[in-house]
Every structure is written in C-alpha cells, then in structure tokens.
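I set out below what I looked up in this entry, in the order in which I looked.

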Amino acid sequence: MEFEIWMLLGIPFFFGLGWIAARVDISELVSESRSLPRGYFKGLNYLLNDQPDKAIDSFIEIVKLDPESADMHFALGNLFRRRGETERAIRVHQNLLARPDLPSEQKAHAQYELGMDYLKAGLLDRAEETFNLLVDTPFEVQARRALLEIYQREKEWRRAIDVAVGLQESGAGARQKEIAQFYCELAQDALVHLQPSDAMQLLDKALQADRSSVRATILSGDAQLAQGDTEAAIMTWRRVEHQSVPHVALVAQRLMDGYRKVGRPQEGVNLLRSYLAEASSIDLIEVVFKAVIELDGVEAAKQLVIEELRRNPTLLGLDKLLEARLMDAPAHVWEELSMVKNLVQRYTQKLARYQCSHCGFKARQFYWQCPGCSRWETYPPRRTEELNVMN
Ligand SMILES: [Zn+2]
C-alpha cells in the first residue's frame, strides 16, 4: 500500500476515540466510587498504613450502616481471624450465613470462612463438620485441603488418605509422597502394637503410592525383623542405597545390628565403609567407628576417623578423633585432651542438628514431618554442619 497524505488524518481521529473512551472509564469509576461509603476508603487507608485496629473500626461502621454488604463482612471476618480474634470472626461469618437472601455461592464462601475460623480457633470437630458441608460447591477443593490438614493434626491417617486420594483424583496436585507417609504412620502404629504382618500390608500400599519412599523401605525392614527374619530385613534396608545414598545414614545402626545378629559383623563394617566412601556422613562414621573399635581395635578406628577428617574436615569429625585419642591416651595428656574435647563438644552440639529445608526448624532428632511447618520430607538426612560444608 502506498503512503498518502490523507492517511495522516487518521491519527487525530483514533487519538480522539481513545480520549473519549478514557473519559467514559474514568467517569464510570468516579460514579462507582462515589457510591462506596466513605468509611471504606478510610478503612483501606488504615490497612495500607498497617493500622488494622482502626481499619476494623471503620469497617464495623460500614457494616452497621449497610448490613447488606457481604463483601465487607468477608473483609472484616478475615481481619478478625488474622489478628487471632477468632470469636469475633466466627460471629461475623455466622451472621452472614443466617441471612435468608444470601446467594448460594456467597453462602458457600461464608461456610468456608467459618470453617477456617474454627480451624484457627482449634475447634477441629466443628471445622470438620463445616468443611464437610461444602461438597459440590465451588469451595469443595479448598475445603478438602483444610480437611486434610485437620486429619493430619488429629492423626486420623485413614481419613487423611481418603481425602488425599480424592484431591489427587480431582486434579488438585500430586499427593503420592503424603499418601505414602500416611500409610507409614499407620504401619508404625502397627509395629508398636506388635502387628508386623499388618504393618507389612500397609507398607506395600505406601510403596504402591510412592516407590521412592525411603521411610516405607526402612519400616519394611523393621517389620521383617519383628517377624524374626533378620536376613530379609538386611536385604530390605540395603535397598535404601538405591533410593537415596544420603539416607543410608538412617539405617546404618540397623544394618550393623542385623549383621551382628546373623554372625557376620565384618560384612556389616565393610558395607558401611563402602557407603562412607560414596557419601561422607557423621552419623555413618559414628556407627562404623564403634563397630571398628569392637572388631579391629582403637588404632584402626583412629585411622578411620583421620582418613575421614582429611576428606571432610568438620568439627564433628574432630570431636570423634578426640574421642578415639582419649581411649588410649597416656595419663599426662589425658586431662588436656579431655578439656579440648569438652570445648569442641560444646560447639558441635549446636552443629549436630537436622534442619528443615523449608522453615529452618532445627532438631536433634530426624523427623519425616517437620514439627515447625508440618511439611513432609523436608529434613535432609545430614547434620547442619555437614550441610554448611557441602554448600
Ligand atoms: Zn519446617
């Protein structure tokens, strides 16, 4: 197309159209905002300035003047809940629900918010009841997520499994890892109650949900041991190596005890030393160290720790070396060495912790579910100092 002068005329024409459109939008916005109560902007302003108390007062004013405004009730209710004033949040949402003219979607919304209030207040039974009313509403998936949280808090693992499977089937995200963990919880209960064959069945289900579940493998070995089959237990625990090398530290003691029980402790030491060569770990050294002292003597154990310390210089490793040195130290150095060891140990106690990779919660003990943030499998099986060295 050739350029012609008259085409230039189009530019002011379209510019004019845009100007008119903008004017129309702005005047609409102005008329809409005029219809909003003044307290709304005041409340908003307080919220933006981090003054939730004053914001609440403004919103309460509006709700008094205009009891029909459901959105304002929701805003107010959420504010109360966030500030921990759950009783007031509950009242706001109950008032909303009591309205006979409330459209069904808003009714479901209010029901959901009421459930969240109960949850926050720790009234789990009422929360559960409320969320269960939300089947076949637009809030069904959110309600099921909340139910999943409730059942975990109550340790109702079977119900948690049902809800997680339902969520997964409805396309609301993968839940295999959690489902396997719930079966593991049930299996652990069965083991505590000396029912290893029940535990075994539950662990099969755990592994069906998640083939890579290290916990299910470890517990399967525990169940076999409880059934009296140590050889099978050893073979099962050895599978952890193929699932995750760092996690072998968690079965090291079990493997060593198992090999001792079947009368082949040297085989156990050799296996654990081969693990150690693959991935250094202070927990693994701890087990191997004790076993080597028992089988090959203090000198061999000292050599093992020195080698490890060269490869991976950590305070935790140094602590082990001092322990070995103290075992056959002559009397005149014993006291000094012991002092150094105590000093080192004061530091290592802080370093010998596991740490949640999600919320940072530290614990002496290894957890499959973080006590801080309740997430599953967020603890790497290494002590914090080792993690720092690796990073
Ligand atoms: Zn955490």
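**Entry 1. An aromatic pair.** Is Phe366 buried or exposed? I looked up its relative accessibility and found 14%, so I entered Phe366 as buried, the cut-off being under 20%. I note here that the model is predicted. I then turned to Trp368, which has a relative accessible area of 16% and is therefore buried. The ring centres of Phe366 and Trp368 are 5.0 Å apart and the planes stand at 85°, so I recorded the pair as edge-to-face. Both residues belong to one aromatic cluster, together with Tyr354, Tyr367 and Tyr379.

**Entry 2. The zinc site.** I next asked which residues coordinate the zinc ion. The ligands are the SG atoms of Cys356, Cys359, Cys370 and Cys373, at 2.3 Å. I checked the geometry: the angles subtended by the four donor atoms run from 103 to 114°, and the arrangement is therefore tetrahedral. Along the chain I read the donor spacing as C-x2-C-x10-C-x2-C. Cys356 sits in the loop between β1 (354-355) and β2 (362-363), and Cys373 in the loop between β2 and α21 (384-390), so this pair ties together parts that are 17 residues apart in sequence. I also looked up the accessibility of these two donors. Cys356, at 3% relative accessibility, counts as buried, whereas Cys373, at 23%, counts as partly exposed.

**Entry 3. The whole protein.** I counted the secondary structure elements and found 21 helices and two strands. Of the 391 residues, 43% are buried. The accessible surface comes to about 22300 Å², and 53% of this area belongs to carbon and sulfur atoms. I also examined contacts between residues at least 6 apart in sequence; 48% of them join residues at least 24 apart.

**Entry 4. The nonpolar cores.** The largest nonpolar core holds 89 residues. I listed the members that touch the most others: Phe131, Ile150, Phe182, Ile218, Leu255 and Leu272. Helix α10 (residues 176-192) gives the most to this core, contributing nine residues. I noted a second, separate core of nine residues, with Ala55, Met72, Phe80 and Ala89 among them.

**Entry 5. Around Phe131.** What does Phe131 contact, once its neighbours within four places in sequence are left aside? I found Tyr112, Gly115, Met116, Ala143, Ala146, Leu147 and Ile150. My search of the whole structure returned nine aromatic pairs. One of these joins Tyr112 and Phe131; the pair is tilted, with 5.8 Å from centre to centre and 55° between the planes. Tyr112 lies in helix α6 (residues 104-121) and Phe131 in helix α7 (residues 124-132), so the pair ties together parts 19 residues apart in sequence. I recorded both Tyr112 and Phe131 as buried.

**Entry 6. Backbone angles.** Most residues other than glycine have a negative phi. I therefore looked for positive values and noted Lys155, with phi near 55°. Lys155 lies in the loop between α8 (140-153) and α9 (157-169), and its 55% relative accessibility makes it count as exposed. Leu194 likewise has a positive phi, near 55°. I located Leu194 in the loop between α10 and α11 (196-209). With a relative accessible area of 72%, Leu194 is exposed.

Conventions
Residues are numbered from 1 along each chain as its sequence is written. This is a predicted model: local features need pLDDT of at least 70, side-chain atom pairs count only at pLDDT 80 or more; totals for chains, interfaces and linings use all residues. Side-chain values use heavy atoms; hydrogens and water are left out. Donors are N, O and S atoms within 2.8 Å of the metal (3.2 Å for Na, K and Ca); water is not among the atoms, so sites may look incomplete. Four donors count as tetrahedral if all angles lie between 85 and 135 degrees; four count as square planar and six as octahedral if opposite donors are over 155 degrees apart and all others between 65 and 115; anything else is irregular. Helices (H or I, at least four residues) and strands (E, at least two) are DSSP runs, numbered from the N terminus. Buried means under 20% relative accessible area, exposed over 50%, partly exposed in between (1.4 Å probe, protein chains only). Contact means heavy atoms within 4.5 Å. Accessible areas come from the Shrake-Rupley method with a 1.4 Å probe; for residues, only the protein chains shown count as cover. A nonpolar core is a set of buried Ala, Val, Leu, Ile, Met, Phe, Trp, Tyr and Cys residues joined through side-chain atoms within 4.5 Å. Rings of Phe, Tyr and Trp (its six-membered ring) pair if their centres lie within 6.5 Å; planes under 30 degrees apart count as stacked, over 60 as edge-to-face and the rest as tilted.
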